[in-house]
Amino acid sequence: MIRSKPKVLLLSLAVTLALSACNREAPDDATAAADTQAPVLTLDESALPPVNRFQGNDLDQAIGACQDFNAHANGKWLAANDIPGDRTSWGSFEMLGERTLAIQRQLAEQAAADEGAAGVEKIAGDFWATGMDRARIEEQGIAPLRERLDRIDALDSPEAVAGYLRDSAAAGENVLFGFGASPDFKDSKVNIAYAMQGGLGLPDKTYYFEDGHKDKLAAYQEHAARVLTLSGVTADDAAAQAEAIVAFETRLADKSRARVELARDAELRYNPVTPAEADALTPNFPWTRFFESQGIDTPEMFSLAIPEFHREVDAMLADVPVDTWKAYLRFRTVDRASPFLSDDFVQANYDFYGKTLRGQQEIEPEWKRTLGTINSQVGETLGQLYVQVAFPPESKTRMDELVKNLSDALKVRIENLEWMGEETKQKAMEKWATFKPKIGYPDKWRDWSGLETGRDSYIGNVLAANAFNYRWNIDKIGQPVDPDEWFMPPQTVNAYYSSQRNEIVFPAAILQPPFFDPEADDAVNYGGIGAVIGHEMIHGYDDQGSRFGPSGNFENWWTEQDSAGFKALTDRLIEQFNGYEAAPGQFVNGKLTLGENIADLGGLAVSYDALQRAREGEEDPMIDGLTQDQRFFLNWATVWRRNFTPEELKVRLATDSHAPAGFRAAGAPSNLPAFAAAFGCKPADAMVRDGEARIVIW
């Protein structure tokens, strides 16, 4: 994946495990992607924000490209573009995101205004209409949660708590741990059940223990007290309960794995056990009863990932007072629902998660928050409308060509690797041969029949979607993997690689400037979307993707010698990024970001090779006084121009598997001799990593 963003509230493990699916056939032409009876949608291009293209006058000639490439390419732009108040970062991704949101707003408004809407248009329209009806939301207050809160208040024993955890999970509202279907590590053609750690309100376990996060932990406790008070608890009781909740979560955090561990060891997600073995591990929370309560057949095997976490939950069911469990469940239920409740809850949610935790100075306007809900809960419904107006067929044709060119260039690079032996190369080539690209939008759209939405309640629609999505997901347990499902709706400004499917996926929304520009020369597009294509391909060979074989199974296809050589190279890349200081005393975590850094380095190199092959024998166009190679690297940097609030930067350094954007702009190019040649850099220049310092992996 090329970037990450904060998790949207109220998502189950279904999304964490990348669970989008498609059941309904769609026509080949994107302009006819929705139902044949769908209304004609219109798009007012004049109302959209401008695109963000590479411009030669953005360059800061006072700073040499060979000294600080990010400052040279992006410094002027970064200085002139402050972060908007409702954002915590601002750059190429965010600008394209704003444009895409503006398109979605027009579509959602049209869907909501259509009184005869049916199918996906009705669902998107219902979400939009109820999300924008602040008067109705204010009138309802916390009433939509009253039944849930009354049941929590009535809990009187550990057995009752366990029963509530099972029942709330069945409704798609599991606050304690992740649960859902995903391909079996050992047989990637079949979905199995995975149970993961969870239950924490802060971004990572480190927030509960490290001195650098003490202020955020204290603020979180104050936030918990505020939410409990809003929910009807007296102020004194809320303060005491909030203290108990933080102690409760700290205990969970102690037995959880940190983000860096999860990012760098895929095997942590896979701990196959029989239900009987799981029952023996957690007798107070028997998994056989859990499966029965979810309305699915008890499987012969499932993955009880991070078993020490689940063992601790079991112990807490026995020794934590029921009143503490009730306080925790009440807080987490209301806290996760707060974005969809009345203004006082929305404000409390923003004040902590937006302003305090990430430095966001203004709350997002209602229309953006509503679109965020649509995208997280029923994204493909809006996606079917989006591709009708925002994805021209010629973009898909151009992308098909680019993917082929990048694939050919990757093949050549693998064949010519000096550090890898022939036996491992053969396996690497087998994996290369099975790459599956997906571009724009699904060949089959997901079937949303059965999801009942209306105009009565915003959170009612959200809760209905939670339950629907959870049921759709867990019904896949024990079933064959659907090769056509997508993990992101088409309107997502991102891309990803799936190791268990060995596929690269590019949603329609990312196929715009500065990534893909139909009006630009080849150098700009290869430096943008070409490098993104290469990046996603290389994820199949990063430190975790390389642990999965051509069929997507978790297997070792490396010789011992080549595995050692690969680790030596990746250790050097870790060291390189460990040396980047993002803020005074705050350094990039080279281990946490390793997979993305490998993908950047290899993807940029592959795309550069593909550009040379595509324009072999042609004269350098020299546009605006810049050579083809210079424009290639400069658009790569343009993609990574981004400012962060200090708070957001701190969160990302602790939790994000992607290095801050400026280091991505400069990190990979510094290892490529082609960059030094393009800008006439000398061996002693800061952007030149020569000899033993230069890292070549793929």
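Let me start with strand β7 (residues 436-440), which is joined to β10 by 5 bridges, the two running parallel. Strands here are DSSP runs of E with at least two residues, helices are runs of H or I with at least four residues, and both are numbered from the N terminus; two strands pair if DSSP finds at least two bridges between them. Before going further, I should say that this is a predicted model, in which local features need pLDDT of at least 70 and side-chain atom pairs count only at pLDDT 80 or more, while totals for chains, interfaces and linings use all residues. Residues are numbered from 1 along each chain as its sequence is written, and side-chain values use heavy atoms, with hydrogens and water left out.

Staying with β10, which covers residues 503-507, 5 of its 5 residues are buried, where buried means under 20% relative accessible area, exposed means over 50%, and partly exposed lies in between, computed with a 1.4 Å probe on protein chains only. Glu 503, Val 505 and Pro 507 point one way from the strand, Ile 504 and Phe 506 point the other way, and all are buried. On the β7 side, Lys 436 has Glu 503 as its bridge partner in β10. There is a second neighbour as well, since strand β9 (residues 496-498) is joined to β10 by 3 bridges and runs antiparallel to it, with Ser 498 bridging to Glu 503. As general background, strands of a sheet pair through backbone hydrogen bonds, either parallel or antiparallel.

β9 and β10 form a hairpin with 4 residues between them, and what is the phi of Asn 502 in that turn? Phi of Asn 502 is near 50°, a positive value in a residue other than glycine, and Asn 502 counts as buried because its relative accessibility is 0%. For context, most residues other than glycine have a negative phi, and most peptide bonds are trans. Met 622, in the loop between α22 (594-614) and α23 (628-639), also has a positive phi, of about 45°, although it is not a glycine; with a relative accessible area of 42%, Met 622 is partly exposed. As for the peptide bonds, a cis bond with omega of about 5° joins Pro 513 and Pro 514, and Pro 514 is found in the loop between β10 and α20 (522-538).

Turning to the annotation, UniProt, in an unreviewed entry, places "domain: Peptidase M13 C-terminal" at residues 494-694 and "domain: Peptidase M13 N-terminal" at residues 66-442. UniProt positions are in the numbering used here, feature names are shortened, and annotations may be inferred rather than shown by experiment. In the model, residues 494-694 are 46% helix and 8% strand, with end C-alpha atoms 29 Å apart, while residues 66-442 are 63% helix and 7% strand, with end C-alpha atoms 42 Å apart.

There is also an open sheet of 4 strands, in the order β3-β4-β6-β5 and with mixed pairing. Its edges are β3 (178-183) and β5 (272-273), each with a single partner strand, so one side of each is left without a neighbour in the sheet. The partner of β5 is β6 (residues 302-304), paired with it in the antiparallel sense over 2 bridges, and Val 273 has Phe 302 as its bridge partner in β6.

Two polar contacts are worth showing, a polar contact being a pair of N or O atoms within 3.5 Å, where within protein one must be able to donate a hydrogen and the other to accept it, and residues adjacent in sequence count only if both atoms are side-chain atoms. Arg 136 lies in helix α5 (residues 134-140) and is partly exposed at 30% relative accessibility; a polar atom of its side chain lies 3.0 Å from the backbone oxygen of Asp 456. Arg 136 and Asp 456 are 320 residues apart along the chain, and their C-alpha atoms are separated by 8.1 Å. In helix α14 (residues 322-337) we find Thr 333, which counts as buried at 10% relative accessibility and has a polar side-chain atom 2.7 Å from the backbone oxygen of Leu 329.
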